[in-house]
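Opened the notebook for a quick look at backbone oddities. I want to know how far to trust the coordinates before reading any torsions.

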Amino acid sequence: MTPPLPRNPAEHVERVLCVLAHPDDVDFGSAGTVATWTSAGTEVVYCIVTDGDAGGFDETPREQMPILRRAEQQAAAAAVGVSDVRFLGYPDGRLELTLDLRRDISRVIRQVKPQRVLTTSPERFWERVAASHPDHMTVGEATMRAVYPDARNPFAFPELLDEEGLEAWTVSEVWLGASPRADHPVDVTDVLDRKMAALRCHVTQVGHMPELEQFVTGWMGQTAQRFGLADGRLAEAFHVVHTA
């Protein structure tokens with residue numbers, strides 16, 4: 001008989017891999033949660049699929065944008081205790097669900113060996129369409145396919161094992177952000193300053209938003225209320241999928 005899946009996520013894991021489409025995605029949706037993990041001693045690695053070259057709000061030359069956004073993401077990661085940031089270099093706004101993308105994410109999973117992966121939901125969120133950028137959903141689906149079955153199957157992408165020596169790895173749980181099925185809140189009230197410090201590193205994206213903190217705390221306050229947290233608390237929420 002197959003044992004039942006756990007109802008709740010693990011209280012603590014050694015390693016987490018966050019796979020997101022663009023620089024700043026992890027910070028808007030998950031930087032508070034990441035800060036709680038690193039404070040508890042969990043090693044967190046970021047894998048950013050694009051360089052965000054299609055982002056921005058001003059006349060910054062397009063050829064400079066990838067360089068700026070990589071630097072911004074590295075600074076933002078440092079603000080929440082993350083030092084390992086990896087970029088796959090795919091084109092912003094043009095991601096497709098390809099075998100190459102699945103292989104490249106599988107490679108990073110096998111390199112990092114995370115017990116937990118955080119990514120975006122592959123489901124469209126009809127009530128918050130802005131959360132369902134096509135790149136976000138593509139990365140979410142590609143990451144889920146990399147978690148199961150690719151990264152754990154030694155015969156999937158055999159070149160990863162035969163040429164790079166990367167053995168199969170099974171991820172125990174996946175946390176999906178921007179999900180219409182969110183079922184697990186994380187109270188991030190006490191790390192708000194670190195989340196905001198991370199977000200403010202993304203000058204090319206938020207430099208024109210004087211009400212950034214009001215905007216972010218507004219939706220995090222609504223999330224906390226939705227999950228029954230005490231008045232005044234702030235939360236990020238995820239759909240936790242057990243994948244071992």
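Below are my entries on confidence, one peptide bond and two phi values.

**Confidence.** I am working with a predicted model, so I looked up pLDDT before anything else. The protein chain averages 95, and 98% of its residues come in at 70 or more. Which element has the lowest confidence, and which the highest? I found the low end in helix α7, residues 203–206, with a mean of 95. Strand β1, residues 15–20, sits at the high end with 99. A reminder to myself: coordinates should not be read in detail where pLDDT is low.

**Peptide bond.** I went through omega next. Tyr148 and Pro149 are joined by a cis peptide bond, with omega at about 15°. Where is Pro149? I placed it in helix α4, which covers residues 134–150.

**Positive phi, Asp24.** Asp24 is not a glycine, yet its phi is positive, about 95°. I located Asp24 in the loop between β1 and α1, the latter being 25–39. Is Asp24 buried or exposed? I noted a relative accessibility of 9%; the cut-off for buried is under 20%, so Asp24 counts as buried.

**Positive phi, Ala178.** Ala178, also a residue other than glycine, has a positive phi near 50°. I traced Ala178 to the loop between β5 (173–177) and β6 (184–187). How much of Ala178 is accessible? Its relative accessible area is 24%. Partly exposed runs between the 20% and 50% limits, so I logged Ala178 as partly exposed.

Terms used. Residues numbered from 1 in each chain as written. Predicted model: local features only at pLDDT ≥ 70, side-chain atom pairs only at ≥ 80, totals over all residues. Heavy atoms only, no water. pLDDT = per-residue confidence, 0-100. Helix = DSSP H or I, 4+ residues; strand = E, 2+ residues; numbered from the N terminus. Buried < 20%, exposed > 50% of the residue type's maximum accessible area, 1.4 Å probe, protein only.
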